[in-house]
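Student: I should like to work through a protein model by question and answer. Please show the sequence and the structure before we begin.

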Amino acid sequence: MPHNTKQNESMVIRGSVVKVRRSCGKSQCKCAKGELHQTWALSYSHQGRTRMIALRDEDVPIVRKAIYRYREAMKKLESQALQGIRRLHAAIKAAKRRRR
Ligand SMILES: [Zn+2]
């Protein structure tokens, strides 16, 4: 995670924060007996594959905010794109009416 707070505040991230349970691989650990460790990860898809990045606890709130920012920006862009379609449609219909 970048330490620069300004960068964190404008960062966007696509994906979702998920809880993962895993074993650390140490044979003496409780996880070897099935009591798995719980950690957080960012799950995202890229080029048709789902990928995971393990997160540190301190990354989680920053990543969640960046995901929220991405989703809000996408909503805005989607609504602008639909508005573009409506305008195009209206212009084509208006031109047809003028020709009659
Ligand atoms: Zn363990």
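Student: Which residue of β3 is the bridge partner of serine 43?
Tutor: The model is predicted: local features need pLDDT of at least 70, side-chain atom pairs count only at pLDDT 80 or more, and totals for chains, interfaces and linings use all residues. Residues are numbered from 1 along each chain as its sequence is written. Helices (H or I, at least four residues) and strands (E, at least two) are DSSP runs, numbered from the N terminus. In β3, serine 43 has as its bridge partner methionine 52.

Student: How many bridges join β2 to β3?
Tutor: Two strands pair if DSSP finds at least two bridges between them. Another bridge in β3 is that of tryptophan 40, whose partner is leucine 55. The strands β2 and β3 run antiparallel, and the number of bridges that join them is 7.

Student: Which residue in β2 is the bridge partner of valine 17?
Tutor: Strand β2 comprises residues 37–46 and runs antiparallel to β1, to which it is joined by 7 bridges. Within this pairing, lysine 19 stands opposite tryptophan 40. The partner of valine 17 in β2 is leucine 42.

Student: In what order do the strands form the sheet?
Tutor: Strands of a sheet pair through backbone hydrogen bonds, either parallel or antiparallel. Here 3 strands form an open sheet, and the pairing is antiparallel. The edge strands, each pairing on one side only, are β1 (16–22) and β3 (49–55). From one strand to the next, the twist averages 40°. The order is β1-β2-β3.

Student: Which residue in the hairpin of β2 and β3 takes a positive phi?
Tutor: The hairpin has 2 residues between the strands. The residue in question lies in the loop between β2 and β3, and its phi is about 50° although it is not a glycine. With 5 other C-beta atoms within 10 Å, it is exposed (12 or fewer such atoms; buried means 20 or more, and partly exposed lies in between, with C-beta atoms placed from the backbone). The residue is glutamine 47.

Student: Is β3 largely in the open or buried, and how many of its residues are buried?
Tutor: Strand β3 has 7 residues, and it lies largely in the open because the number of them that are buried is 0.
For the protein chain as a whole, buried residues make up 4% of the 100 residues. The number buried in β3 is 0.

Student: At what angle to β1 does helix α2 run?
Tutor: Helix α2 covers residues 59–99 and lies across β1, β2 and β3. Axes are lines fitted to C-alpha atoms, for helices over the stretch in contact, and angles run from 0 to 180 degrees between N-to-C directions. The angle to β1 is about 145°.

Student: How far apart are the end C-alpha atoms of α2?
Tutor: The expected span of a helix is 1.5 Å times one less than its number of residues. For the 41 residues of α2 this should be 60 Å, which agrees with the model. Of these residues, 2 are buried, so α2 lies largely in the open. Its end C-alpha atoms are separated by 60 Å.

Student: Which residues does isoleucine 67 touch, not counting those up to four places away in sequence?
Tutor: Isoleucine 67 lies in helix α2 and counts as partly exposed because it has 19 C-beta neighbours inside 10 Å. Its C-alpha atom is 5.9 Å from that of valine 12, 55 residues apart along the chain. Two residues are in contact if their C-beta atoms, placed from the backbone, lie within 7 Å. The residues that isoleucine 67 touches are Ile13, Gly15, Ser16 and Val17.

Student: What is the radius of gyration of the protein chain?
Tutor: The elements run α-β-β-β-α from the N terminus on. The globule rule (2.2 Å times the number of residues to the power 0.38, the radius being taken over C-alpha atoms) gives 13 Å for 100 residues, and the chain is well over this, so it is more spread out than a compact globule. Along its principal axes the C-alpha trace spans about 85 × 30 × 20 Å. The radius of gyration is 23 Å.
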